[in-house]
Structure formats: structure tokens, C-alpha cells
Amino acid sequence: MTPPWSRLELPPFLERLRVLTVKELLQLGRDVGLIAFIAYAFTGDIYVAGSGMQMQLRNATIAIYDGDDSAASRELIGRFHPPEFRIQALLSDAQDGLRLLDQGRTMIMLDIPSQFERDLSARQQTAVQLQVDASNSVIGTWAAAYATQIAATFGTDHAMGGMPTEAAMPIIASHHRIWFNPNSMDEWFVPIIEMMNIVTMLSIMLPAAAMVREKERGTIEQLLVSPLTPIQIMLPKVLAMALVILLGITSSIVMLRYVFAAPIRGSLPLFYAVSLVYVITTSGLGLAIATLVNNLAQVGMAVILALAPIMLLSGTWVPAEGMPPGIRWLMYISPLHYYVEITLGIFLRGTGLDMLWNHLLIMTLLGLVMFTIGLLRFRAQLR
Amino acid sequence: MTAAALVVKQLVKRYGNLTAVAGVDLEIHPGELMGLIGPDGAGKSSLMKAIAGVMSYDQGSIHIRGHSVSTEREAEVVKPMVGFMPQGLGQNLYPDLSIEENIDFVANLRLVPAEAMAQRKERLLRMTRLDAFTKRPMKNLSGGMKQKLGLICTLLHEPALIILDEPTTGVDPVSRRDFWTILSELLVQRGISALVSSAYLDEASRFDRVALMHQGAILVQGKPQELLQLVPATVVHVRLADQMAGLAQLRTHFPKTLGFGEWIRILVPTADRQQASERVRQILGELPCQELLCEAPELEDVVVERLSADQHETAATIPRAPPRHHAAPAPLARGALAIEAQALSKTFGAFRAVDHVSFRIPQGEIFGLLGANGAGKTTVIKMLTGILRPNSGDGQVAGVDMSHSGPMIRQRIGYMSQSFSLYFDLTVEENLKLYAAIYGVSRHEQRSRLPWILAVTELTARRSALVATLPMGVRQRLALGCALIHAPPILFLDEPTSGVDPLGRRRFWDILFQLARQEGVAMLITTHYMTEAEYCDHLALMHAGAVIADDSPLGMKQTLVARLGHVFEVETQDPYRAQQLLQQSDFPHAHLHGRRVRLFSQDETAIVERRIMARLASQGLGVPGISRSIPTMEDVFIENVLEMERRGRMAAAP
């Protein structure tokens, strides 16, 4: 018994689109390796990113030479505690500390001079020396900043030790109130960013791979002598891969919500719509890549090459305002930059289309340019 | 007694679940030229790699000159005695190095002493006539030259046994004959043994002995002449006014009867020609027979007999096509012009791939483009199908001008490409339905069309199988089915049978023949199998981008007979010397073919025999046997090319 809908005849253009899209999905569904890779990217990879990557100082090793060995010095040392710091060694000789630094066995060396408590008690200015291995500049900077903060608080506390009330001191007390991610949870921020990186990577890679596979097999020739137009050859690949990516996004969202308990304050349908636009337009880059390379291995390399600047320029790690002017302009043409803005807006700030429309508009326009370039390259290659 | 050059016993090689070589026994005597012939995937390369010591094997034993080759250490001991040339043009060479640099590199690798090396290099370069091009980078050489350079590099360390994996596949016939002559010469002079594989059955007669491989096993081995005796039969060719009726009638008695251009080819199981032709006339009964020729069976008949003994699939008559849908391309009247090429030319940079090619193909005709790889066949097809734009020239396909009606042409043609046009990760039916949708065949129409395609290509039982799991011959039939899905009146087939075994090739051609006769489909088909060309109604020979001859296969042979005469094959003890003697006397076309000398003569058999014997006897050479035959398609091709080159030189000379 044939179901009634099978008798429905679609117009040729749509029927071809349907059949070719189904074909792409069937082929993808039978590629166990690729399916496993996509599944891992949208779940495992994001989980690792969310639970492993934190942008705070954790377990920085510190070696301490306490030349004073007094109540004050011990109190200062006590303030370098886990989870930020881990005391690696208490030294009897300051020279040992330099050696440890040289050998890379400790990251920070704290040297407290012998007259530390005496000076403090005498209300005289005193100094401690902090040496930081800043080979990893980010962590080094953080470590220095934390240590400075600890020393400063220690100093203020001591200075106020004898004072009756806090208010009597003319110092500014800064009380932070962090919005949208109140506990500065990297578990929210990092996996959301990672998800967008994955979406970007797959939007480029999957259509490129699907196209190159046809080239490798030689089936592309068969399609070219058929009455299909270039856009009819391209579009089904893009649509099928977009569908797969949206499914992947869904599994990531489930994980964000239930594993990392991230809030989704805005509208999910809006997020899906934005993602669909983003995926389809970004795939243009993949199609352009497919015209330049001949096999899957080359697709892999080209995608890595293309992804690096896209991610660096997305503004995720460094805000656009912090970039030199030339690079800043490059950032403004990275579609990922806008996708990130919109997504963070929807997920964490609960912003709606009324606030994000300008970002969406720019992203769409940039994407369209990219897609058109891909289409033109593809058509030019067929000539 | 000297040790055999090579003894292989019960060799087995497996790749996971796939058994590539299934218990092969093989022996090569010193100085012997052994052929290993079989289709792609028969296990030839695996066997040769195992013998050359570059691949391990699972069971059995290999001994080269009495030395066992079973461990890597043993293989290292044997390697100096062995020369191996892998499959593919110039696979053992470096494209960016010149001829001389390639040779020097290999010689240094093999630690050939400088003095010996200079001497060998000079001699080999002279023999292969590459000495004029020593500074040319390998990548700029023609296919034939690459193979000759490959052969030199294989011979530099003077091995006792050389192993050449398909050295002639895709090489043009002239260079191919050249290659064989050089190889025979070397073997005769140096006493080297050789194991050479080939995909062409018609090359079998060049070997001292051949082993025919199929699905990892040796089907049969022995001297070529002996193998032909295995099937005592006569091939009868008949030409009838009503070919299809005759075919149907003959098939009831001889199921392997085939349409062969405008002829019918029948294998009658008796060596007595008189008796064979009488049986055929008797079966035809009322049908008037215009012409009847008897021939000895070919090696392909032997293989097909052997294979069909256990496969038992007989050629079926294809059912009539279902009525065409209104949207299907309008059928053209039989005999109407289906394809026309007018002075088509295409250049890629400085390279002229196609040079003023013209031909006309009427509806219902099978038209063959025969030529080596790189002759321009595929480029012609690509221009006619609208994938490539010609630099100059015109063409009409299905009554439409090809230069500005690409989409319209594409809807009216079916195309089956060289590299397989199928999706391996889809099933038979999924592939067919995909192409049905691409060509806009409605789902309603698919219901009548699909069963017909499955019946024609004999795939009904395999409709749910994944393409990746199907053997090559079956895949090719499916690709044909995909090309037929929208009932096109014209088919373009680009090397559709490349690498398929003889049985699969015959079935494929049988389907094509019936489609042409019954459905009136016009076909343009390219091939580099010389023997396959005879299935075509009409042929165009392509060489270096140009059509050098254009006629029916029989017409071409008759033209050659009229120009040069019949072929005589001379058996003698010293074929190399005999060939030189004969070439210098009255037979300028004398050439080596295996250990025999072939030549053309227009004179009476008795006169020719007397002259050959007199010439050779004067130099003390005995002549045990001389036989006369009609030229092969390869003769036609080579002589046409040589004639063209001669004329080219005459025109160039002042």
C-alpha cells in the first residue's frame, strides 16, 4: 500500500532538491566515522571545554623564602592558598628559589625580607619581592595580579589594624556586581563559545567534504552532464549539512542546560533561526575551499587554515576594542564575531531581536557575500 | 639442472576478509617470458608484489632461483636478483628528474659500479631510443616513453627476474608494440626471465606461456597455442538482413551468440569449419544469409567458456522498453543524425588535445572511438556533452546545436563516465531513483521505468545491495542503468568496460547491442581495448588528438589487406635476427611478436613462404612454421599511425 503523499508530485526543482538532500543525508548516515566525529564535536568536545577550561588562576605553584619568620610574614604566606595557589616549597635560602624558577619547577617565587614585621610595626614602608615565570604570559599576568591584590589587601588590613572604623579611612571600596553571569561562570561562557567554534568548523567542513567526495569519486562529472544547474548541485549539500548541524546544536543545548545548568534567557527559536542563517552563509566558504582542493585530506588542512583567523578575529578571546585599529576592522567583517554577540545575547542576557537586529543584519550581509563568492567560484570551476 | 627462475607454491594473500590470491602455483624457467593476464581485482598485483618481496603473504612459498622468500630478511637477499616495476605510468620514477637523473639515482641506489653503469646506461638508452631525450624531465615524457624509462630503471642492476605490473595498460598501440619488441629483445639477449601482467587478453600471444587469473586463482596456464586448443570450436560470423531475428533463433541453440557490429558471432563447438557453417545455416533456415566467415576461437572464448562453466549465466534477450512518457525526450527516427562533430578542436595551454575531429553518428548506431590514454577521446565526449567548451568547431547532438543549448542536450543524453558514476554508499535502487529525480522522471513514470532498467541490467535480485559490495562488472551495468533512466535516445559511454573481466564485458556489450537494435539508441563509446572495437558498427581511430581512420571494423581490416596484404607469422629459432633479416629484405613491416616474426604480404601464400624460407635459410636459420591470418584491429591501428607519420615526414621533407 503506497502512502497517499507518495502520489503527490512536487515541481521538478523542489523534487530534485528533496531527492538530492535525502541522498546527502543517506550518505552521511552511512559514514560511521564522520557521524561519530560530529557527535563528539557537539557533545564530548563541548563537555571537555566546559569542565576543563577555566580562565581563572588555579594551582599556581609558589616557592616562598621567609627571611622574617614572624607572625606578620606567616599571615601573608597564609593568604596564598588554594585553589589559586599551591605552595611548592618553603625555602631556607633565597638562591634556591631562583634555581626552582629556572628549572620551571615553580612559577612564582616570594621573598619576604627579614625586617618585614619590624617595619610594619613601625608603620614604615616595607617591600616583598615577587618573581613570576611569565613564559605563559596569560597565567603569569594573572598570577602577578592576584599576588598584587593579596599584598595590597594585606597592607590595607594592617594599616587599618588600629583604626576604630573603616569609614574613617579615605579609601575607595569597590564592590562589584557582575551581571548576566553573576558568578563569572566559565562553565557557561566557554562551552557556548566552543559550540559556536564547532558550528563554524562544521559549516565550512561538511559541505566542502561532501563536494570533494564527489570530485574524488568522479560523480561530479555525472552531475555536470545532467540537467542540474550549479546551484541545484550545491544547495542540497548545504541544506543537508545545515540540518545535521542544527541537530548537533540541539544536543549541545541540552548539555549546556542540564550538565552545566546554563541559563537560556532568550528565545530558542530565534537562536535556531540565527544559526540556520549563519550555517548556510558560512558554508559558502566551504564551497569555495572545495573548488581549490582535490581530496578530503586537503579539505582538512584548508579548514584548519581558514578557521584560525576566523576564531582569532571573532572577538571571543580579545574584545575588538583591544585590537590594533587595522585588525579591529578585520574583526568587524568576521561573521563569527556577530554570531557570538547574538548568541551570548540570547543565552545570557535574554536579549531579543529588537536589540540584536543590527548584528543579525550585518552577519547576514557578510554571509551572503561569502556564499556568493563560494557559488561564483564553484560555477567558474565548471566552465 | 639450473634452478627455476621462480617457483610459487599454493600462495595465499588476504586483506582482512578478502582473499586476493587464493592458492596460486606458478613456475618460470630461466629465460622465459611469462604472462599473467586478468581483469582488475583478479589478484595480479598482489601476487607480483609478494614475489618481488615488497609485500608479505599469508600461506604458501616463493622461491627465486632456489632462494626462499618468506621473511623480510630473505627478501633482502633476493632483491638484487629481482627487478620490479609497479603498476601505473612511471610509478617507480621521479617526475621532476630528467631521464638521466632518474637512471643515475636508481643506479646509485642499487650500488651499480660506475663503469658498468655507464656502459649499461648507454646500451639501454640506445635500445629504447631514449638517448635523444636524456635531459628531458620524466613528467614531460609520453606514456610509452615513461614505461621504457621504467623498464631501464628496472634492468640497471641486471636482475635475473623482472616483474612488470601492467606495463602496457593505457599506452598507445605503437608504443606498446615498441615496448614488447624491446622487452623480447632484452630477454633473448640477456637470458633474463620475466613475469609480466596485462589486462589485455590479445597480448597473450606475445608470451612464451600465460596464466589467466580470475578472482585470485589461476584459471588456466600454458602456452598460448595450447590454451586455444582447450576449446575445440569454430567461430562463425554471419551477416543477415534481419539481424535481430537471426540472433534470437541462433541463441536458442547457442546461448553465447553475440551481436558483433553488423555481424552475428556464433561459437560452434566443433573444430570442423565445414560442419560448423552447415549447422549455422541449418538453424537459420529460411533467413537469408548474406555472408558467412569462419575463424578459429580466441583466447577470450576460452576464458568465457571456463568462467561460464561455473557461473552459468546466459545472455538474455532484453524486454521491450515501456512506452515513453510525454515528458521523455522525443525519439528520433532510426537513421536520423544523432551526433555530429564538425572540426572540433581543444587546446589546453600549448597542448592540442583534440585536433579538428569530425564524425557523424546516425540514430541506432554503435560508434566507437578507439585510442590510447591521452589520445583525446574523453575530451571529445566532454565537448559534445557540454562539459568543456571547444576552442573551435561545431557539433550537433540530438538535433540541437551543442554550443548554445547545453541544458537541452543534457536532458536528451545519457552519460556513463570513465571513473564510476555511482554513489558507492547508496544501494542499487537508491542510485537509480536519485538519477531518475535528477533527470526529472516523475515518480509515476518511475514505476514502469525502474523495473525495466532492473530487468535490462539484470539487477532485479540485487536492487537493495550497496554498490560498494558489488563486483566491477555489475557496477558497470548499474551505471548503464542510471544513464538509461530517462529513456535518452543517445548514450555517451566513456571507457565503460575498463578493468571488467571478459564475461562481464560480453554481457555489457550484449546489452548495448540490443539497446541499439531494439530501442534505436545511438551510442558513442570510447575504449582502449582493440578487440572490443569489433563490437561497434562504426569506428574512428584516434591518435594524438586526431581521427586517423573512420570506417566499419571490417572495412578497416579490408583496407589494410588491400594496402599491405595478409599477415604471416613466422616461427624461427632466432626471431630477433630473423626479424632484422626480413625487415631488410622484402618485408619492411616485419616486427617481433613474442618469439615469432609477423609481416605483411600481398602475394600468394606459397610464394611468400618460399621467399621467407629462402631468405632465412641463406643465413642458416630454420623455419619450422609459417601461418597466414587476417590483420587484427591492433595491426590496423598501428599501420594507420605509422602511415600517417610517414606521410607527415614526406610532407615535412622538402
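In this predicted model, strand S1 (residues 60-66) of chain A and strand S2 (residues 85-91) of chain A run parallel to each other and are joined over six bridges. Two positions along this pairing can be picked out: Ile62(A) has Ile87(A) as its bridge partner in S2(A), while Ala63(A) stands opposite Ala89(A), also in S2(A). The connection between the two strands involves helix H4 (residues 71-78) of chain A, which together with S1(A) and S2(A) makes a right-handed β-α-β unit.

The pair belongs to an open sheet of four strands in chain A, arranged in the order S2-S1-S3-S4, in which the pairing is mixed. S2 and strand S4 (129-132) of chain A are the edge strands, each of them pairing on one side only. When direction is ignored, neighbouring strands of this sheet are turned by 20° against each other on average. Across S1, strand S3 (108-112) and S4 of chain A lies helix H7 (residues 137-159) of chain A, and H7(A) runs at about 165° to S4(A).

Turning from the sheet to the contact between chains, 20 residues of chain A are in contact with 21 residues of chain B. On the side of chain A that touches chain B, helix H1 (12-29) and helix H9 (219-224) of chain A each supply at least two residues, and H1(A) gives the most, with seven residues. Classified by residue type, this side of chain A has seven nonpolar, six polar and seven charged residues.

How values were computed:
Residues are numbered from 1 along each chain as its sequence is written. Chains are lettered from A and ligands numbered from 1 in the order in which they are written. This is a predicted model: local features need pLDDT of at least 70, side-chain atom pairs count only at pLDDT 80 or more; totals for chains, interfaces and linings use all residues. Two strands pair if DSSP finds at least two bridges between them. A crossover is right-handed if, with the strands pointing away from the viewer, the path from the first strand over the helix to the second runs clockwise. Axes are lines fitted to C-alpha atoms, for helices over the stretch in contact, and angles run from 0 to 180 degrees between N-to-C directions. Two residues are in contact if their C-beta atoms, placed from the backbone, lie within 7 Å. Ala, Val, Leu, Ile, Met, Phe, Trp, Tyr, Cys and Pro count as nonpolar, Asp, Glu, Lys and Arg as charged, and the others, Gly among them, as polar.
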